[in-house]
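Let's take a walk through this protein together, one stop at a time. Keep the sequence and the 3D view open as you read.

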Amino acid sequence: MNIGVLSDLHVDLNNGQCSPSVEDALCSVIRKRKLELMIIAGDVSNHYTSTLDTLTRLERDSGIPCLFVPGNHDLWQKDGEGAESGSDDGIGVDPYQELLAYPHNLGNGPYLIGSDWAVVGDAGWYDYSFGDSSFSEEQFRERTKDERVWKDKLYVRWGHSDREVSDFFYDRLKAQLESVKNRQVIVVTHTLTHREFTVPLPNEEWRYFNAFLGSEKYGELIEAYDDSVRYAVSGHVHYRKRIMIGRTEYMNTCLGYVREWRCGADAVAEVEAALQTIML
Ligand SMILES: [Fe+2]
């Protein structure tokens with residue numbers, strides 16, 4: 001089985017600046033490579049309704065299951081910027097819960113492939129463990145450094161501390177891993193599970209902002225289950241990188257923003273360059 005892996009599609013920001021649309025480009029690459037399953041590791045758009053619409057269309061047009069975990073952008077709620085004009089998002093709406101309406105959201109539980117494999121996953125969050133330890137907990141909690149604000153602070157309303165949210169996803173991931181430990185497993189998160197994928201230092205700004213990329217604990221969890229975890233997929237940093245760590249292959253396969261693309265505005269070429277394949 002050929003499985004495609006891609007994240008950070010950012011369709012609302014990219015479409016209009018590229019051709020064809022990101023969704024159409026992805027469907028044509030899925031057909032060309034004869035993929036049978038797609039994994040999308042978050043950041044489809046800046047609003048859960050457009051993320052849900054995009055995922056539903058992608059599955060319909062590609063004809064294959066598109067597994068998904070939410071990214072931080074999918075969870076944003078910007079006042080007055082709903083996907084439909086006049087929407088009053090933000091009042092009593094929890095985008096994380098709303099996104100569970102998509103049947104292939106891995107937050108609903110593991111996706112089993114035959115009798116040997118399973119895909120597990122969820123959004124993940126951050127607990128500052130990838131930040132430089134010279135900053136205090138208080139400074140990280142501010143999510144602001146020299147005028148620059150980490151936007152989740154403004155647009156994601158968990159009602160809990162980052163650490164609590166990070167632990168919430170740790171517990172959910174652990175429960176999923178435990179339930180499929182007799183299978184070979186692909187773990188999918190949006191945030192990072194390993195320090196290897198943080199922004200390299202020295203970099204004064206990222207010495208601080210790496211704190212908001214993921215959690216060391218997720219990598220420790222993957223290591224604890226390395227009898228079964230063969231692949232660990234993440235997104236978030238807009239990298240394209242694939243490395244073996246211990247017995248697990250870690251992959252970050254982000255499409256990212258058009259301004260970061262290497263193939264100009266040619267969405268098909270860029271999706272071809274970014275999309276990685278897992279062959280089972
Ligand atoms: Fe992103």
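Let's begin at Y128, which sits in the loop between β5 (117–122) and α5 (137–142). Keep in mind as you look around that this is a predicted model. The backbone at Y128 is a bit of a surprise: its phi is near 75°, a positive value in a residue other than glycine. Most residues other than glycine have a negative phi. Is Y128 buried or exposed? With a relative accessible area of 5%, Y128 falls under the 20% limit and therefore counts as buried.

One residue that reaches Y128 is D162, found in helix α7 (residues 162–179). Leaving aside residues up to four places away in sequence, D162 touches W125, Y126, Y128 and R143. D162 is buried too, with a relative accessible area of 5%.

From the loop of Y128 you can step back to β5 and follow the strands from there. β5 pairs with β8 in the parallel sense, over 6 bridges. Look for V120, which stands opposite V187 in β8. On its other pairing, β8 joins β9, again in the parallel sense, this time over 4 bridges. Here V188 has V233 in β9 as its bridge partner. How much of β8 is covered? Mostly, it turns out: 5 of its 6 residues are buried.

Now for the metal. Which protein residues act as donors to the iron ion? They are D8 (OD), H10 (NE2), D43 (OD) and H238 (NE2), and they lie 2.0 to 2.3 Å from the ion. Along the chain, these donors follow the spacing D-x1-H-x32-D-x194-H. D8 comes from the loop between β1 (2–6) and α1 (11–14), while H238 comes from the loop between β9 (229–234) and β10 (240–245), so this pair ties together parts that are 230 residues apart in sequence. The angles among the 4 donor atoms run from 87 to 176°, and the site is irregular. As for D8 itself, its relative accessibility is 0%, so D8 counts as buried.

The strand β1 leads us to a sheet. This one is open and has 4 strands in the order β3-β2-β1-β12, with mixed pairing. At its edges stand β3 (66–68) and β12 (276–279); each has a single partner strand, so one side of each is left without a neighbour in the sheet. From one strand to the next, the twist averages 25°. Further in, β1 and β2 (residues 37–40) run parallel and are joined by 4 bridges. If you'd like a landmark there, V5 stands opposite I39 in β2. Lying across β2 and β3 is helix α3 (residues 48–62), which runs at about 155° to β3.

What about the nonpolar packing? The largest nonpolar core has 71 residues, and those with the most contacts inside it are L6, L26, M38, I40 and F212. Helix α2 (residues 22–32) supplies the largest share of this core, 6 residues. M38 is worth zooming in on: not counting residues up to four places away in sequence, it touches G4, V5, L6, L26, I30, I64, P65, C66, L67 and L275. Apart from this core lies another, of 17 residues, among them I3, I39, V69 and M251.

Next to helix α2 in the chain there are some backbone details to look at. K34 is found in the loop between α2 and β2. Like Y128, K34 has a positive phi, here about 55°, although K34 is not a glycine. Is K34 buried or exposed? Its relative accessible area is 64%, over the 50% limit, so K34 is exposed.

Two prolines finish the tour. Most peptide bonds are trans. The bond from S19 to P20, however, is cis, with omega near -10°, and P20 is found in the loop between α1 and α2. The peptide bond from L201 to P202 is cis as well, with omega near 10°. To find P202, go to the loop between β8 (184–189) and α8 (204–209), which brings you back to the strand β8 with its 5 buried residues out of 6.

Notes:
Residues numbered from 1 in each chain as written. Predicted model: local features only at pLDDT ≥ 70, side-chain atom pairs only at ≥ 80, totals over all residues. Heavy atoms only, no water. Donors = N, O, S within 2.8 Å, 3.2 Å for Na, K, Ca; no water. Tetrahedral: all angles 85-135°; square planar, octahedral: opposite > 155°, others 65-115°. Buried < 20%, exposed > 50% of the residue type's maximum accessible area, 1.4 Å probe, protein only. Pairing = 2+ DSSP bridges. Axes fitted to C-alpha atoms, helices over the stretch in contact; angles between N-to-C directions. Contact = heavy atoms within 4.5 Å. Core = buried A, V, L, I, M, F, W, Y, C linked by side-chain atoms within 4.5 Å.
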